[in-house]
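Work through these exercises with the model open beside you. Try each task before reading its solution.

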Amino acid sequence: MERLHFTHPIHFIIGLTLWSGWFVTVYGGHALACEVALPEPEQGVFTLINATLLVISLLAAALLAWLTWGCWQVTKRHQGRLRFNAWLSTGLYFFSTLGVVFAAMPIVGIPPCL
């Protein structure tokens with residue numbers, strides 16, 4: 001497990017990879033759900049599709065926020081290259097968390113399958 005410590009350079013790509021996986025899952029799932037089970041327009045935003053997309057988005061944001069916090073905590077214990085790696089990972093995880101939150105905001109206010 002030491003190899004995947006928060007100072008390891010693999011964390012430079014994990015956050016953006018998780019974000020891109022979330023993006024493909026949510027938007028691909030949205031398109032597929034709209035094709036298979038089109039909700040009634042009268043339901044507005046209160047549909048099973050939006051609820052599912054919101055839960056997936058909250059789980060992804062929570063995971064990325066936890067990883068951000070973990071990397072940030074590690075920066076206090078290291079110096080030099082290891083500290084730089086942890087700081088860069090913190091920033092990339094934080095950027096990915098904001099990306100999930102920002103891209104998921106329309107789920108709350110826009111009905112699916114317009």
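The exercises below cover helix packing and a few single residues in a predicted model.

**Exercise 1. Describe how helix 1 and helix 3 pack.**

Solution.
- Step 1: Recall what is needed. Two packed helices are described by the angle between their axes and the distance between the axes.
- Step 2: Find the elements. Helix 1 spans residues 11-36, and helix 3 spans residues 80-109.
- Step 3: Take the geometry. The two axes come within 7 Å and cross at roughly 10°.
- Step 4: Classify the angle. Angles under 35 degrees count as roughly parallel, so helix 1 and helix 3 are roughly parallel to each other.
- Step 5: Add the hand. This crossing is right-handed.
- Step 6: List who touches. Helix 1 contributes residues including Phe12, Trp19, Trp22 and Val26. Helix 3 contributes, among them, Asn85, Val100, Ala104 and Ile107.
- Step 7: Sort by character. The contact residues comprise 15 nonpolar and six polar, with no charged.

**Exercise 2. Do the same for helix 2 and helix 3.**

Solution.
- Step 1: Locate helix 2. It covers residues 48-75.
- Step 2: Take the geometry. The axes of helix 2 and helix 3 come within 8 Å, and they cross at roughly 160°.
- Step 3: Classify. Angles over 145 degrees count as roughly antiparallel, so helix 2 is roughly antiparallel to helix 3.
- Step 4: Add the hand. Helix 2 passes helix 3 in a left-handed crossing.
- Step 5: Sort the contact residues. There are 19 nonpolar, eight polar and one charged.

**Exercise 3. Is Ser57 buried or exposed, and which polar atoms does its side chain meet?**

Solution.
- Step 1: Place the residue. Ser57 sits in helix 2.
- Step 2: Check accessibility. Buried means under 20% relative accessible area. Ser57 has 3%, so it counts as buried.
- Step 3: Look for a side-chain partner. A polar contact of 3.1 Å links Ser57 to the side chain of Trp22.
- Step 4: Look at the backbone. A polar atom of the Ser57 side chain lies 2.8 Å from the backbone oxygen of Leu53.
- Step 5: Survey the neighbours beyond four places in sequence. Ser57 is in contact with Trp22, Val26, Val100, Ala104 and Ile107.
- Step 6: Link back to Exercise 1. Trp22 and Val26 belong to the helix 1 side of its contact with helix 3, and Val100, Ala104 and Ile107 belong to the helix 3 side.

**Exercise 4. Which residues do Thr7 and Asn50 contact, leaving aside neighbours within four places in sequence?**

Solution.
- Step 1: Place Thr7. It lies in the segment before helix 1.
- Step 2: Judge exposure. Thr7 has 9% relative accessibility and is therefore buried.
- Step 3: List its contacts. Thr7 touches Val74, His78, Leu82, Asn85 and Ala86.
- Step 4: Set a distance. Thr7 and Gly109 are 38 Å apart, C-alpha to C-alpha, and 102 residues apart in sequence.
- Step 5: Turn to Asn50. This residue is in helix 2. At 5% relative accessible area, Asn50 is buried.
- Step 6: List its contacts. Asn50 meets Val45, Ile107, Ile110, Pro111 and Pro112.

**Exercise 5. What is the sign of phi at Cys113?**

Solution.
- Step 1: Place the residue. Cys113 follows helix 3, in the segment after it.
- Step 2: Read the angle. Phi of Cys113 is near 60°, a positive value in a residue other than glycine.
- Step 3: Set the background. Most residues other than glycine have a negative phi.
- Step 4: Check exposure. With a relative accessible area of 22%, Cys113 is partly exposed.

Methods. Residues numbered from 1 in each chain as written. Predicted model: local features only at pLDDT ≥ 70, side-chain atom pairs only at ≥ 80, totals over all residues. Heavy atoms only, no water. Axes fitted to C-alpha atoms, helices over the stretch in contact; angles between N-to-C directions. Helix = DSSP H or I, 4+ residues; strand = E, 2+ residues; numbered from the N terminus. Parallel < 35°, antiparallel > 145°, perpendicular 65-115°, else oblique. Left-handed = near helix turned anticlockwise from the far one by under 90°. Contact = heavy atoms within 4.5 Å. Nonpolar A, V, L, I, M, F, W, Y, C, P; charged D, E, K, R; others polar. Buried < 20%, exposed > 50% of the residue type's maximum accessible area, 1.4 Å probe, protein only. Polar contact = N/O pair within 3.5 Å; in protein donor to acceptor, adjacent residues only side chain to side chain.
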